[in-house]
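Here are a few exercises to work through with the model open in your viewer. Try each task before you read the solution.

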Amino acid sequence: MRDVSTIETRLKAVLNQFLSPIIADTVYASRVSASGINLRNLRIGDRQRLLLSLQKGIGRYLREEQAKQCLVQLEAAMHFSSVSATPIPAYDEQAIPIRSEVDIVVARSAGRQMCQTLGFSSLLQIKMATAISELARNIVQYAGEGQISLTASEEDGRSYLEVVAVDQGPGISNLDDVLSGTYQSRTGMGKGLTGTRNMVDTFDIQSGPGSGTRVVIRKWV
Amino acid sequence: MITAARIPIIRLYGNLIVSIQVSLSDDLVVGLKEDITRNIEEYGARGLIIDLSGIDLMDSYISRSIRDIALISKLMGVKTVISGMDPMVAMTLVEMGLEMDDVRTALSLEDAIELLGRIKKDSNDNALRDFVLSGLGDGRFDGNSD
């Protein structure tokens, strides 16, 4: 199990070794705490970003040679912790009840946050947030209420975000038309579901008159 | 996320400028549609710019609504330009199949103003063109703050 406090302690120890305690604390707080990087799930990209940020932080207080040494040790501290510890999947799960338009925004914001934590690119974050927005909107519009579940997990060493949208609404009677893109809704452009399908890696929909609708989408990092 | 009750509409040299810098909720979009049409009527606007540089996400409903606003304004005789769409939002919209073929677009608010300026120059009214040339339009109202 990866211990966050260990990484934290190590980074702080290195900073303390080079900087006075107050400045070390400030640098840590402004660079690590404020970076939003999840120490529990340090990816290669995160490490580089964190290092770059720390470099800027310590650059102000240390001479070039010292700053270099400090950086080397900071990097070692990060690598050591991630190599020695058994990697655990960044498992996260959220269920968001969808009852009104406001919940659409809540769902897509939560989804975006999870994408960010998983290390999705900005473009993929936007795509997934848009997809979630579409699914949530369909629930509000056609079923009135339902639920969006977001799951961030790993399979074969690759991370993914899975979104499950469920409602007990009237179901989609003309599913084939909707999915073939021939159907034009009044509010969107009839593109909500097909658009969502285009943007994700897997797309599964079960729906029928009277049995509600269940959409499952997945996107790999 | 910032929320606002209404999106401000700026009246400027016969034009309306709307810069959306907040996350759009459905209520806001509906309110905006009403406000813009009312403003067009009251002010007798000849041009309308909807600047989207602050929008980081558009789903089918929002994009449809923005397009509707542009088309309604166009029907009312107003030259309408949509500007400043985030590249990643644009990529997402195209992938979703939500292009806005029938709407005039510009890279930035500045370009949009110039576009309207050229339109107005063609109609022998140089007020906006003067405004652009005087440098007032020089980035000051550019929505690309980040």
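**Exercise 1.** In this predicted model, find which strands helix 5 of chain A lies across, and how it runs relative to strand 1 of chain A.

*Solution.* Start with the strands: helix 5 of chain A lies across strand 1, strand 2 and strand 3 (158-167) of chain A. Now take the direction: helix 5 runs at about 170° to strand 1 of chain A. Angles over 145 degrees count as roughly antiparallel, so that's the label for this pair.

Next, try helix 6 of chain A. Helix 6 packs on the sheet too, touching strand 1, strand 2, strand 3 and strand 5 (213-220) of chain A. Its direction makes about 15° with that of strand 3 of chain A.

**Exercise 2.** Work out the strand order of the sheet in chain A, and say which strands stand at the edges.

*Solution.* Lay the five strands out in the order 1-2-3-5-4: you get an open sheet with antiparallel pairing. Look at the ends of that order. Strand 1 (92-98) and strand 4 (202-207) of chain A each have a single partner strand, so one side of each has no neighbour in the sheet. From one strand to the next, the twist averages 10°.

Zoom in on one pair. Strand 1 and strand 2 (residues 146-155) of chain A are joined in the antiparallel sense over seven bridges. For a spot check, pick A:Ala95: its bridge partner in strand 2 of chain A is A:Ser149.

**Exercise 3.** Break down the side of chain A that touches chain B: which helix gives the largest share?

*Solution.* Count first: 22 residues from chain A and 18 residues from chain B make the contact. Helix 5 (101-118), helix 6 (122-143) and helix 8 (192-199) of chain A each supply at least two residues on the chain A side. Helix 6 of chain A takes the largest share, with nine residues. Sort the chain A side by type and you have six nonpolar, ten polar and six charged residues.

**Exercise 4.** How do helix 6 of chain A and helix 3 of chain B cross, and which residues make the contact?

*Solution.* Fit the axes: helix 6 of chain A and helix 3 (residues 87-96) of chain B come within 9 Å and cross at roughly 50°. That angle makes the two helices oblique to each other. The crossing is right-handed.

Now list who's touching:
- from helix 6 of chain A, A:Ser122, A:Leu123, A:Ile126, A:Lys127 and A:Thr130;
- from helix 3 of chain B, B:Met88, B:Val89, B:Met91, B:Thr92 and B:Met96.

Sorted by type, this helix pair's contact has six nonpolar residues, three polar and one charged.

How values were computed:
Residues numbered from 1 in each chain as written. Chains lettered and ligands numbered in written order. Predicted model: local features only at pLDDT ≥ 70, side-chain atom pairs only at ≥ 80, totals over all residues. Contact = placed C-beta atoms within 7 Å. Helix = DSSP H or I, 4+ residues; strand = E, 2+ residues; numbered from the N terminus. Nonpolar A, V, L, I, M, F, W, Y, C, P; charged D, E, K, R; others polar. Axes fitted to C-alpha atoms, helices over the stretch in contact; angles between N-to-C directions. Parallel < 35°, antiparallel > 145°, perpendicular 65-115°, else oblique. Left-handed = near helix turned anticlockwise from the far one by under 90°. Pairing = 2+ DSSP bridges.
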